[in-house]
Amino acid sequence: MKKPWDSFEKNYVAVETLDADSGKTRLRYEYYGPWFVHRGTVAALLKEKWIIGAALAINLLSVIGSGLVDSVLNRVGVTCIPYGLALAALVFTAMGSVLFLVSGRKVKRPEYERMDRILRSAPIIEALLLLCAFLAAIVLALTGKVTGSGLVPMAGYLTGSGCSFLTWYLFRTLQYRKEKNTEFEYAEENPPCFSPEEES
C-alpha cells in the first residue's frame with residue numbers, strides 16, 4: 001500500500017542550508033518533481049476557470065436548493081437515494097473545482113494528480129445520479145404522485161446534472177504538458193506533453 005510519505009519523497013528532496021544568523025545548518029525540503037503546465041494561453045486558462053467556477057456556483061445552488069423544497073420528491077426513496085448520493089459526489093466535485101480554480105499555469109505533481117483524480121470521476125458520477133433522480137421524478141409525475149410545486153426539485157436535478165457534466169467534460173479537454181524540473185540535475189526525464197486522461 002502506497003503511503004503519503006512515499007509520495008512526498010518522490011517529489012521533495014531535503015536540502016541543507018546554513019543559517020546566516022545562528023551559523024547552524026538547517027534542513028528544508030525543496031520540490032524536485034515535474035511541473036504540469038497548462039498548454040493554453042493565460043486568457044484561455046482564465047476563461048476555463050470562469051466557466052468551471054460559474055458551473056460550480058450554479059451546481060451548488062441548484063442541488064442544495066432542490067433539497068430545501070417541500071416536495072414529495074424529497075421524501076420518497078426513488079428520488080432521495082440518488083439525490084443523497086449526488087450530494088456526496090457534489091462535495092468532491094466542489095473540492096476538485098476549487099483545486100483547479102486556485103491553481104496556476106504550473107502545478108506540482110501532487111496537486112495536479114489530486115485535482116485530476118477528482119475531476120475525472122466525481123462530476124460525471126454526480127451528473128448521472130442527478131439524472132437518475134430526474135428520470136425517477138418524471139415517472140412519479142406521470143403516475144400522478146407528484147404535481148404542481150412538488151415538481152420544482154426536478155429543475156435543480158437537471159440543472160445540477162448539466163453543470164457537473166460541463167465541469168467533467170471541460171476538464172477532460174484541458175491539455176497539460178509535463179515538464180522536467182530543471183533546477184535539479186537528478187530530476188526524472190518527462191514526456192513532452194499529455195492530456196488529463198493519460199496516466200501521469
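**View 1. Strand 3 and strand 4 side by side in the predicted model.** Strand 3 (residues 35-38) runs antiparallel to strand 4, and the two are paired over 3 bridges. One pair to pick out is F36, whose bridge partner in strand 4 is V107. As in every view here, you're looking at a predicted model.

**View 2. The open sheet and the helix that packs on it.** Zoom out a bit and there are 3 strands, ordered 4-3-5, in an open sheet with antiparallel pairing. Strand 4 (106-108) and strand 5 (176-179) sit at the edges with a single partner strand each, so each has one side without a neighbour in the sheet. Going from one strand to the next, the twist averages 30 degrees. Helix 4 (residues 109-119) packs on this sheet and touches strand 3, strand 4 and strand 5. The direction of helix 4 makes about 95 degrees with that of strand 4.

**View 3. Helix 3 against helix 5.** Here the axes of helix 3 (residues 77-102) and helix 5 (residues 122-142) come within 8 Å, crossing at roughly 160 degrees. With anything over 145 degrees counted as roughly antiparallel, that label therefore fits helix 3 and helix 5. The crossing of helix 3 past helix 5 is left-handed. On the helix 3 side, the contact residues include V78, P82, Y83, L85, L90 and F92; helix 5 brings in, among them, I125, E126, L129, C132, A136 and L140. Sorted by class, this contact has 18 nonpolar, 2 polar and 1 charged residues.

**View 4. Helix 5 again, now with helix 6.** Helix 5 packs with helix 6 (residues 153-173) at an angle of about 155 degrees, the axes being 8 Å apart. So this pair, too, is roughly antiparallel. Helix 5 passes helix 6 in a left-handed crossing. Look for I124, L131, F134 and I138 among the helix 5 residues in this contact, and for M154, Y157, F165 and W168 among those of helix 6. The class tally is 14 nonpolar, 4 polar and 1 charged residues.

**View 5. Residues 186-200, the stretch to treat with care.** Over the chain, pLDDT averages 87, and 88% of the residues score at least 70. Residues 186-200 are another story: pLDDT stays under 50 there. The model does have 43 contacts beyond four places in sequence for residues 186-200. Still, predicted coordinates shouldn't be read in detail where pLDDT is low.

Conventions:
Residues are numbered from 1 along each chain as its sequence is written. This is a predicted model: local features need pLDDT of at least 70, side-chain atom pairs count only at pLDDT 80 or more; totals for chains, interfaces and linings use all residues. Side-chain values use heavy atoms; hydrogens and water are left out. Axes are lines fitted to C-alpha atoms, for helices over the stretch in contact, and angles run from 0 to 180 degrees between N-to-C directions. Helices (H or I, at least four residues) and strands (E, at least two) are DSSP runs, numbered from the N terminus. Angles under 35 degrees count as roughly parallel, over 145 as roughly antiparallel, 65 to 115 as roughly perpendicular and the rest as oblique. A crossing is left-handed if the near helix is turned anticlockwise from the far one by less than a right angle, and right-handed if clockwise. Contact means heavy atoms within 4.5 Å. Ala, Val, Leu, Ile, Met, Phe, Trp, Tyr, Cys and Pro count as nonpolar, Asp, Glu, Lys and Arg as charged, and the others, Gly among them, as polar. Two strands pair if DSSP finds at least two bridges between them. pLDDT is the predictor's confidence in each residue, from 0 to 100.
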